[in-house]
Amino acid sequence: MTNRRIDFDALSFRIVMTGVALLALALLAAPTIVVIWVSFTSGYSLKFPPPGYSLRWYVELWNAWQLQFAMMNSLKVAFWATALSILLGVAASLGIARSASLTARVLDSLFLSPLVLPALAFGLSSLMFFSLVGVPVSPLTLIIGHTVVSVPFVVRNTVASLAQMNPALLEASASLGASRWHSFRRITLPLIRPGILAGGFIAFMASFDNVPVSLFLRDAATDMLPIRMWQDLEGKLDVTVAALSGVLIVVTIALMLVMERVAGLSKRLT
Amino acid sequence: MAAALRNVTTYDLKLAAPLALGFVVFFITPLVILLALSFQADPQGSHYGLTQYVNFLGDRFSLGVLGSTLWLGVKVTALTLLLGYPVAWLHQRAPSWAKGTIMLLVLLPLLTSVVVRTFAWVVILGRQGIVNASLAGLGLIDTPLKLLYTESGVVIALAQVQMPLMVLPLITALSRIDPNLADASSVLGSGHWRTFRKVILPLSLPGIVAGCLLTYAAAITAFITQSLIGGGQMLFMPMYIYQQASTLQNWPFAAAISIVFLVAVLVVVSIFNALGRLSRGYTNA
């Protein structure tokens with residue numbers, strides 16, 4: 001009798017936990033599958049199930065110059081924001097990671113604070129700042145704003161890698177006569193490179209996907225991809241956007257798998 | 001000698017100066033300007049005062065928007081925790097091939113564009129969407145259910161969009177728990193539910209707190225998902241700020257709402273941080 005009670009207990013626990021977990025995993029996967037599925041529709045609407053299947057919307061994408069233009073802008077801004085984030089973020093991480101001083105702790109919190117502050121409020125305040133000092137919005141203001149919201153990802157991952165590094169390696173290197181610069185290049189940099197790569201990758205995706213900051217800091221001529229897609233979706237449910245989403249999903253998965261291999265992405269996010 | 005050795009393992013704090021300078025100019029200064037502007041009584045800035053705050057706090061509509069935004073975050077966070085915890089639990093127990101698949105499924109939404117993710121929910125929840133098509137196909141409904149442009153729709157979509165932020169800290173927390181503790185508990189006669197409630201759940205509290213903080217902060221500021229799934233009838237704080245700033249060009253009021261929203265977020269963050277410290281103390285004891 002006792003045995004049966006325990007068996008029921010074990011069974012019910014496993015069934016409930018596994019059941020909810022599988023439901024949640026299905027919920028996580030559903031949007032991705034749905035977008036790819038409807039992007040192959042032969043119809044003019046996002047009706048489900050599609051009336052037939054074709055590649056017409058992917059072909060259409062080839063002529064969708066507005067989306068292509070917006071994509072190029074987003075890629076350029078994300079590239080420069082990531083480059084600046086890595087340059088400034090890695091230097092700052094080196095400065096603060098191994099220091100216990102109050103300044104270092106305050107700077108650490110400061111550099112990570114854009115992660116929790118509402119990005120829209122920051123975008124608005126940046127626009128106020130630039131208009132007050134008389135700088136018109138341009139791709140440059142856009143890159144500056146994107147760098148502020150992207151740099152926390154680089155700092156967080158680089159600081160974490162530096163914290164895991166064994167300082168004895170640097171002492172050994174120095175006692176063998178290596179200069180600081182030499183030790184940095186041959187020891188520190190190779191050890192923290194996966195962290196920098198993972199942080200840079202997430203920073204790039206964050207910038208590429210950013211809407212709240214772009215809404216305020218872009219000029220009329222600089223159309224950004226997420227905003228273009230968002231406005232297309234508000235107006236009409238355009239199937240071209242589904243095809244583009246399909247392309248973005250496939251590219252993202254490919255990049256994720258590459259980053260998992262070279263930087264152990266999943267280990268850095270948990 | 002010892003001092004010289006210690007020296008080679010640290011880097012000069014000055015290396016942080018360029019980024020610190022950048023943050024002072026392009027992050028702190030704008031926020032100070034935002035604060036200053038929120039005290040302007042009118043858009044021309046002829047005089048200063050608490051007018052905008054009085055307008056906000058004395059207006060039932062504005063307070064309603066703030067309240068529904070904060071409440072939306074609570075609902076999304078609760079649903080995400082309920083669904084996300086078992087995912088982390090399953091990841092902990094799964095064989096290594098399944099671990100990789102679960103991780104991919106969890107990470108994918110985190111890195112896919114928010115617009116793409118939200119767009120998928122429009123397709124799923126729409127009048128001709130999957131849910132309505134399936135229910136109609138089964139003969140359960142005659143007219144399509146209204147799912148898009150409802151708060152339930154927003155909560156479900158946000159729960160999916162933000163779930164990785166909950167699951168990742170939970171996976172970390174669960175992996176730190178000594179498996180012997182659960183074994184000890186069951187050897188001593190506790191059933192699975194009791195072991196979970198008395199051992200696993202309390203020990204994973206730091207992960208729960210961290211996950212809730214990230215999910216909550218992301219859910220209440222998720223501008224795109226809120227506006228695309230919520231539609232025109234539902235107004236939350238980010239869209240309210242954007243409307244006031246962009247469409248109405250009422251910068252002082254937009255600044256005041258932003259400050260109120262920022263303060264609300266900071267209060268929530270501090271509460272969670274305090275809870276986090278408490279839970280870590282509890283776990284280490």
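Start at the end of α13(B) and select Q249(B): just after this helix, Q249(B) takes a positive phi of about 55 degrees. The model is predicted, and the angle is computed from its atoms. Q249(B) is not a glycine, and most residues other than glycine have a negative phi. With the neighbouring helices shown, Q249(B) sits in the loop between α13 (237-247) and α14 (251-284) of chain B. Is Q249(B) buried or exposed? Q249(B) has 9 other C-beta atoms within 10 Å, so it counts as exposed.

Next, step back into α13(B) and colour M237(B), P238(B), Y240(B), I241(B), Q244(B) and A245(B), which are buried. Now turn the view until you look down the helix axis. The buried residues of α13(B) fall within an arc of 165 degrees, so they line one face of the helix. The spacing follows from helix geometry: at 3.6 residues a turn, residues three or four places apart point the same way.

Stay in chain B and select Y149(B). Where is Y149(B) placed? Its loop lies between α7 (130-137) and α8 (151-175) of chain B. Y149(B) also has a positive phi, about 65 degrees, although it is not a glycine. Y149(B) counts as partly exposed because 17 C-beta neighbours lie inside 10 Å; a residue is called buried from 20 such neighbours and exposed at 12 or fewer.

Now show both chains and select the residues at their contact. On the chain B side 78 residues are in contact with 81 residues of chain A. Which element of chain B gives the largest share of this side? Helix α2 (residues 17-37) of chain B does, with 13 residues. Coloured by class, the side of chain B that touches chain A shows 60 nonpolar, 15 polar and three charged residues.

Move to chain A and select L115(A), in the loop between α4 (102-112) and α5 (119-132) of chain A. L115(A) has 16 other C-beta atoms within 10 Å and is therefore partly exposed. Add P152(A) to the selection and draw a distance between the C-alpha atoms. L115(A) and P152(A) are 6.8 Å apart in space, with their positions 37 residues apart in sequence counted as separation.

Last, colour chain A by its domain assignment, which gives domain 1 (1-30) and domain 2 (63-269). Taken over C-alpha atoms, the centres of domain 1 of chain A and domain 2 of chain A are separated by 39 Å.

Terms used
Residues are numbered from 1 along each chain as its sequence is written. Chains are lettered from A and ligands numbered from 1 in the order in which they are written. This is a predicted model: local features need pLDDT of at least 70, side-chain atom pairs count only at pLDDT 80 or more; totals for chains, interfaces and linings use all residues. Two residues are in contact if their C-beta atoms, placed from the backbone, lie within 7 Å. Helices (H or I, at least four residues) and strands (E, at least two) are DSSP runs, numbered from the N terminus. Ala, Val, Leu, Ile, Met, Phe, Trp, Tyr, Cys and Pro count as nonpolar, Asp, Glu, Lys and Arg as charged, and the others, Gly among them, as polar. The arc is that of the directions from the helix axis to the C-beta atoms. Domain bounds come from an automatic or database domain assignment.
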